[in-house]
Amino acid sequence: AHVFIDECHATGFFGATGRGTIEHCDVHGRVAIINSTLGKALGGATGGYTTGYQEVVDILRQRSRPYLFSNTVAPSVVGASLKVFEMLQDGNAGLVDKVRANTHVFRNRLTEAGFELRGDYDHPIAPVMLGDARLAAEFAQEMLSRDIYVVGFSYPVVPMGLARIRTQMSAAHTMEDIDRATDAFIEVGKKTRGYINIYHP
């Protein structure tokens with residue numbers, strides 16, 4: 001059997017130097033096929049890639065319907081993505097370190113306030129668990145009224161009863177941005193305390 005991983009939520013920002021789950025879990029040489037996106041951390045807005053053994057790549061080029069029936073990625077997206085890969089290979093992990101530091105501050109502050117966050121402590125996609133779908137939608141709207149844009153996810157996007165607010169940290173966020181966002185979460189959490197015990201003083 002061969003191991004295949006989808007790195008769309010890891011490429012460019014997860015792991016010590018942004019090389020993804022393989023680096024984070026120290027499983028170099030144990031993954032045969034990697035699929036990821038050129039969006040998110042790589043700076044592109046479209047496109048993706050699959051890498052693996054030459055035989056796998058050859059088969060995908062001949063049989064993969066998305067590959068055969070889609071348009072090519074724009075040259076500007078390819079150029080930007082290649083530049084980011086080059087930066088990661090050159091050991092330019094400063095942005096990766098900044099994302100990780102921002103992630104830790106955000107996760108620590110909300111956890112201390114009584115929120116449940118899921119996912120790996122180092123991962124910048126930090127789901128704030130609320131459980132109830134209606135609450136997630138209302139919570140997101142309350143956050144927007146405070147000029148903080150977050151998205152409520154509920155069934156069928158996530159399993160029933162596991163509604164959440166999806167947040168994502170960036171190297172572009174300042175400490176002031178993170179403080180403002182966490183303050184808003186705490187304020188909205190206190191406001192909703194009457195019908196769900198999210199916030200524990």
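# Helix H5 and its surroundings

The buried residues of helix H5 are covered by parts of the chain that include H4, strand E4 (116–117), strand E5 (125–131), strand E7 (163–168) and H7. Here a contact means heavy atoms within 4.5 Å, while helices (H or I, at least four residues) and strands (E, at least two) are DSSP runs numbered from the N terminus. The model is a predicted one, in which local features need pLDDT of at least 70 and side-chain atom pairs count only at pLDDT 80 or more, whereas totals for chains, interfaces and linings use all residues. Residues are numbered from 1 along each chain as its sequence is written, and side-chain values use heavy atoms, with hydrogens and water left out.

The helix H5 has 19 residues and spans 27 Å from its first C-alpha to its last, which is close to the 27 Å expected at 1.5 Å a residue, where the expected span is 1.5 Å times one less than the number of residues. Its buried residues (under 20% relative accessible area, with exposed over 50% and partly exposed in between, for a 1.4 Å probe and protein chains only) are Val96, Val99, Arg100, Asn102, Thr103, His104, Phe106, Arg107 and Leu110. Just after H5 comes Gly114, which takes a positive phi of about 105 degrees.

In the protein as a whole there are seven helices and seven strands, and from the N terminus on the elements follow the order β-α-β-β-α-α-α-α-β-β-α-β-β-α. The C-alpha atoms fill a box of roughly 60 × 35 × 35 Å along the principal axes, and 37% of the 201 residues are buried. Among the contacts between residues at least 6 apart in sequence, 59% join residues at least 24 apart.

A search of the whole structure finds five aromatic pairs, where rings of Phe, Tyr and Trp (its six-membered ring) pair if their centres lie within 6.5 Å, with planes under 30 degrees apart counted as stacked, over 60 as edge-to-face and the rest as tilted. One of these pairs, Tyr49 and Phe85, is edge-to-face, with 5.8 Å from centre to centre and 75 degrees between the planes. Because Tyr49 lies in strand E3 (residues 48–52) and Phe85 in helix H4 (residues 75–89), this pair ties together parts that are 36 residues apart in sequence. Tyr49 is partly exposed, at a relative accessible area of 23%, and Phe85 is partly exposed at 27%.

Phe106 and Phe185 also form an edge-to-face pair, with 6.0 Å from centre to centre and 80 degrees between the planes. Since Phe106 lies in helix H5 (residues 94–112) and Phe185 in helix H7 (residues 175–191), the pair ties together parts that are 79 residues apart in sequence. Both of these residues, Phe106 and Phe185, are buried, and ring pairs link them with Phe115 and Phe139 into a cluster.

Some loops hold backbone features of their own. A cis peptide bond, with omega about 10 degrees, joins Tyr155 and Pro156, and Pro156 lies in the loop between strand E6 (151–153) and E7. Asp26 has a positive phi although it is not a glycine, and Asp147 likewise has a positive phi without being a glycine; the table gives their values.

| Residue | Phi | Loop | Relative accessible area |
|---|---|---|---|
| Asp26 | about 55 degrees | between helix H1 (21–25) and strand E2 (33–37) | 59%, exposed |
| Asp147 | about 65 degrees | between helix H6 (133–144) and E6 | 60%, exposed |
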